[in-house]
Amino acid sequence: MDLFIEQTVSGLASGAIYACLALAVVMIYQAIDHFNFAQGEMAMFSTYIAWYLMDDAGLGLPFWVAFVVCIIVSFIGGAAIERIVFAPISDAPVLSHIIVFIALFSMFNSLAGFLFDFTPKQFQTPFGHTPLIDGVISAHRAGMVAVTLIMLAMIYAFFRYTPIGLAMRAAAAAPESARLVGIRVGFMLALGWGLAAAVGAVAGMLIAPITFLTPDMMLGTLLYGFAGAVVGGLTSPLGAVLGGFMVGILENWMGTFVVGSQLKLTVALVLIIVVLLVKPAGLLGRVVVKRV
């Protein structure tokens, strides 16, 4: 029973990261109807920026200062990518978007290795790794959950109660109708990209102290984030968050009690296939019907 509780709590901590990535994936999907395959590499590159800001050989800033600066830089970078790269090809075929995503994936991965080299680096944590609650969870993992929940609450309040948040929801849900009431849809899409990049940056900075910082650190994590988005529903930000936590817990249960740690990544792939076969819209997603 102690092992079950420990794995469940650890799964919640991992699920917090998957929830962040799933939310970022859904935000981009709602904007352009495609997966952003470079989402993990964008988060990884943002984490390298934070590492440079904190490293003694860099600027030597305190963790929380570097944390905020990295979020701001990531937001600006995400919005710039949408305006410079994707806005000009908004009407291009789906294949063109996929090719650009793959190109961005390769560019961020290679650029991180070129600028910071491929040697694994330790990433600071302000929480420490002291065991808490009789060793059930470490201080850093507890901090991961706390920071994620605070961030998700802020995002919910932003979309629910602010004029810009409501305009972004309208632009994503019904762009043509939004234009008719004076909403600048292109600008709102850029803000959505920026917010998704910022959320991904938070995920990268929270998981780096556990996995070590390398250019390939987000490959498996992004797959779990995709699984969380599919399970929760690609049209539901709340579903994506819940799906991320569910995937984190299920991954730990299956890896510990069923398939072993070496096959945990397979669980995410199987989960994606099963959900797409049984309930393609996800747990909280809505079925979109288009007239032709």
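**Exercise 1.** In this predicted model, work out whether Leu-3 is buried, partly exposed or exposed, then find the helix and the surface patch that Leu-3 belongs to.

*Solution.*
- Start with the relative accessible area of Leu-3, which is 43%. Buried means under 20% and exposed means over 50%, so Leu-3 ends up as partly exposed.
- Next, the helix: Leu-3 lies in α1, and that helix covers residues 2-32.
- Now the patch. Leu-3 joins Phe-4, Ile-5, Phe-257, Val-258, Val-259 and Leu-263 in a nonpolar patch on the surface. Together they offer about 590 Å² of accessible area.
- Last, who gives most? Helix α1 supplies the largest share of that patch, with three residues.

**Exercise 2.** Stay in helix α1 and take Gln-7: is Gln-7 buried or exposed, and which residues does Gln-7 touch beyond its close sequence neighbours?

*Solution.*
- Gln-7 has a relative accessibility of 15%. The cut-off for buried is under 20%, so Gln-7 counts as buried.
- For the contacts, skip residues up to four places away in sequence. What's left is Asn-252, Trp-253 and Thr-256.

**Exercise 3.** Place Val-69 in its helix, classify its exposure, and compare its sequence separation from Ala-50 with the C-alpha distance.

*Solution.*
- Val-69 belongs to helix α3, which runs over residues 63-86.
- Its relative accessibility is 32%. That falls between the 20% and 50% cut-offs, so Val-69 is partly exposed.
- Along the chain, Val-69 and Ala-50 are 19 residues apart. In space, their C-alpha atoms are 7.8 Å apart.

Terms used
Residues are numbered from 1 along each chain as its sequence is written. This is a predicted model: local features need pLDDT of at least 70, side-chain atom pairs count only at pLDDT 80 or more; totals for chains, interfaces and linings use all residues. Side-chain values use heavy atoms; hydrogens and water are left out. Helices (H or I, at least four residues) and strands (E, at least two) are DSSP runs, numbered from the N terminus. Buried means under 20% relative accessible area, exposed over 50%, partly exposed in between (1.4 Å probe, protein chains only). Contact means heavy atoms within 4.5 Å. Patches are made of residues with over 30% relative accessible area and no salt bridge: like charges are joined within 9 Å, nonpolar side chains (Val, Leu, Ile, Met, Phe, Trp, Tyr) within 5 Å. Accessible areas come from the Shrake-Rupley method with a 1.4 Å probe; for residues, only the protein chains shown count as cover. A salt bridge is a side-chain nitrogen of Lys or Arg within 4 Å of a carboxyl oxygen of Asp or Glu.
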